[in-house]
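Good morning, colleagues. Please have the sequence and the structure open before you as I speak. I shall take a helix pair, then a hairpin, and finally the two chains together.

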Number of protein chains: 2
Amino acid sequence: MTEGKDIADPEEPTDAGDRAGLAARFPAGVLTTDPDVVAGYAHDESRLSRRSLPWAVASPANTEEVAHCLRLAAEAGIPVVVRGAGSGLSGAANAPTGSLVLSTHRMTSILEIDTTNRLAVVQPGVITGALRAAASEAGLFYPPDPGSVAFSTMGGNVATNAGGMCCLKYGVTGDYVIGLEAVLADGRVLRTGRRTLKGVAGYDLTHLLVGSEGTLAIITEITVRLLPAPARASTMVAMFASLSDAGRAVAAIGEDAVDTSMLELLDRTTLGAVERKAHLGFDGDVAAALIVQSDALTSADELAAAEAACRRCGATEVVVSSDPDEADLLLQARRLALPALEALGDCLLDDVCVPRSRVVDLVEHIQRVGVEEGLEIGVFGHAGDGNMHPTIIFDESDDASRTAAMRAFDSITACALRLGGTVTGEHGVGRLKSAWLLRELDPVSAEMHARVRHALDPQGLLNPGCLLPG
Amino acid sequence: MTEGKDIADPEEPTDAGDRAGLAARFPAGVLTTDPDVVAGYAHDESRLSRRSLPWAVASPANTEEVAHCLRLAAEAGIPVVVRGAGSGLSGAANAPTGSLVLSTHRMTSILEIDTTNRLAVVQPGVITGALRAAASEAGLFYPPDPGSVAFSTMGGNVATNAGGMCCLKYGVTGDYVIGLEAVLADGRVLRTGRRTLKGVAGYDLTHLLVGSEGTLAIITEITVRLLPAPARASTMVAMFASLSDAGRAVAAIGEDAVDTSMLELLDRTTLGAVERKAHLGFDGDVAAALIVQSDALTSADELAAAEAACRRCGATEVVVSSDPDEADLLLQARRLALPALEALGDCLLDDVCVPRSRVVDLVEHIQRVGVEEGLEIGVFGHAGDGNMHPTIIFDESDDASRTAAMRAFDSITACALRLGGTVTGEHGVGRLKSAWLLRELDPVSAEMHARVRHALDPQGLLNPGCLLPG
């Protein structure tokens, strides 16, 4: 959180005449410099991350137009920030002053669903939920389900290697990407990977681009593998009178090798906020709840084993259902977690990941920090893979509160590192955590990051200041 | 196959006095320059790949000694070739003249099996089968099962991103690697990835190293995720009177979304060779056999669906068993495929991968090439993921036969590219296919490969001539 509060970069002098001449060379209908429109593309959904005003927004419709835009930007030495739905939470799409925002919102074609080879090819602006629906219609399954699945784009998901609730069983976005087309900073088109499920010809540039947050190339086409459709899921909610009991249950479910497709935790603060919003029946004695799902064909057995593990660890109440409507109701607490916390004040949402065995240590630290800083901090997230979202409630208009929130954020992120974890499980580094990245990486790794970045973008025009500090 | 037959690099002049002085600076007991010993480390198991005689073999016991060796090599400008078990099939461990072979055979510790977080940490010299056994004892499962599982090393598996028969369901080696420690060409230690299952902090340098064949860094420690142990597998063998029927069955099983953990194909030539060796009862009317396995809890249902797909596509006979001993017998034909073909003459083993829907086109092309060149070519492999191993039988002592074998190899590899596939599914590029890599990659990708390689190894000392032509 060293980036501090929302601040603008200093204005860089630009030659208006040069820029007007440049604008005229963009493909017809692609460029907007209207300040009102541009302002709407200036930043993502992150809080307390650096913000400024870009020069213009380009909305290319195809790879050729993306390449055209990048050639012009390279020639003029203008930084380029790629943007999907703008729903990112780390400031990766916050555009530097005078930069060009390249929005993928016109590149929304699902180019192919191949049922025999179980793969799909999409443009980067395709909404992830739309791909999931199209795969489902073809009897197949695209597992990644970030919380933003209904509005975030495949390009954004790939650029941040987005996660979600299914990761415990199905992995993250990158686990499905087998090939990419991308445009380099100089406008040349790069193809990586392949359409086959296996292949070891050359370096894995595909996964070098996955999670690179628009700093190495602009992704213009994505090939993902699909899975057979899963069985109907069964769902369980287990309630605990102490957080450490819930933490032990997370570890116990892991050790019992239960085939779960979801293992989410909500703490007392989060449950209280949800209860105020929706009255689902969590009383004040519930210190933590686990929501467990299995989509295995043997889901009843899996949940029986998970229930036994929870009861062994002191669960006070367990509810199981294989009915989809009832399951929806059980999931509602999880879905409401963030909106319910947001109703309590300004929210600073963190995203750290620790080994599953250390989830309880992380959560206890977060609670101590909340007490010390006098802040309410809700904790919820993907306990099954150790990826938690501590959510700090603060008052952005109050300097003291904002400073306390930033201290709490830093303390929690540092704790994740101490516990053998990472500063970001799925939201990405962006501009919010670029200084934190340098604390996670050793200096040799940081130097290799910079060298690899320079290898692909020698001019340093792609998303400068994102991922590595500028 | 542009590398031609086994040939030595021209001798590079070296100053014997300098080398002796250098040798004395290696850690005690680590270096051997005895020509008889060194000759045993000069090349891997590939055929018709470039071979020479290295200067010396270093056998460090730990990361510090690896770093020490690399610092000395960098100082003296000596190329370094890392070597696991030497069982590679692409010449990636063929050492250039005067180079230093760095063998990992003393780095054989399984450092950790963490059952709660389901991960293992190993040194690179650990035999893959040993890790699988250790995971199994802990109630867990390390899926990758290359054909060499009993003798190849984890370091070699990671460096080539090794596959195997389980890939259809479980993916390849890289899908399990979550963190690496590696030593750069200049002797500095690089740590990549993490111990958590999720994490998006920075570029995915882990998977940049996976499959990089010793050209970017020397891997000294590997962290892999483990899975819960699978259910006991059921196995099916289906026989077909025509190869195209078998090919259609492969596609049909894929389209029916059957949960199979193995889907192997053997053609008439391979079955004939196996029959001559083991008399398993495949008569001459069988043009192709599929071996299908499912380790799902619902394996009986899965194999019933697979059987139905095979019968629909004209299978003449289907045998199913859930008995482990019977399954072993059914698998014997697959296990004997390569040794049986090797009994017919010298074998040039190819490794191409095409989209599953094109397997039958590939196999038909291979058969045509065999007729045209007057060569027997056995075809077997992982039909479920399109990764086939055409095996050309030839006489290495006969120039005409060798030339015909190379033409056939080139024709098959070119066909895989035409069918939308890759020149190597799992054996790697090495020195055997470095020219083919440049046919698969577009020029922009090839340039990015070279730039990334230069970023990590500016002196070009790590495995020169491997992966990209020298």
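In this predicted model, helix α8(A) passes helix α12(A) in a right-handed crossing. The first of these helices, α8(A), covers residues 243–255 of chain A, and α12(A) covers residues 359–373. Their axes come within 9 Å and cross at roughly 155°. Since angles over 145 degrees count as roughly antiparallel, that crossing makes α8(A) roughly antiparallel to α12(A).

Which residues bring the two helices into contact? From α8(A), these are L243(A), S244(A) and G247(A). They meet V360(A), V363(A), E364(A) and Q367(A) of α12(A). Sorted by class, this contact has three nonpolar, three polar and one charged residues.

I turn now to chain B. Strand β8(B), residues 177–183, pairs with strand β9(B), residues 189–193, in the antiparallel sense. The pairing runs over five bridges. In one of them, L180(B) of β8(B) has T192(B) in β9(B) as its bridge partner. The two strands form a hairpin, with five residues between them. In the turn, G187(B) has a positive phi of about 90°.

Finally, how are the two chains related? A turn of 180°, with a shift of 0.0 Å along the axis, lays chain B on chain A with an RMSD of 0.0 Å. This is therefore the relation of a two-fold axis. The same surface serves both copies, and 100% of the contact residues of chain B recur in chain A.

Thank you for your attention.

Note on methods. Residues are numbered from 1 along each chain as its sequence is written. Chains are lettered from A and ligands numbered from 1 in the order in which they are written. This is a predicted model: local features need pLDDT of at least 70, side-chain atom pairs count only at pLDDT 80 or more; totals for chains, interfaces and linings use all residues. Side-chain values use heavy atoms; hydrogens and water are left out. Two strands pair if DSSP finds at least two bridges between them. Helices (H or I, at least four residues) and strands (E, at least two) are DSSP runs, numbered from the N terminus. Axes are lines fitted to C-alpha atoms, for helices over the stretch in contact, and angles run from 0 to 180 degrees between N-to-C directions. Angles under 35 degrees count as roughly parallel, over 145 as roughly antiparallel, 65 to 115 as roughly perpendicular and the rest as oblique. A crossing is left-handed if the near helix is turned anticlockwise from the far one by less than a right angle, and right-handed if clockwise. Contact means heavy atoms within 4.5 Å. Ala, Val, Leu, Ile, Met, Phe, Trp, Tyr, Cys and Pro count as nonpolar, Asp, Glu, Lys and Arg as charged, and the others, Gly among them, as polar. Copies are superposed by least squares on the C-alpha atoms of residues with pLDDT of at least 70 in both.
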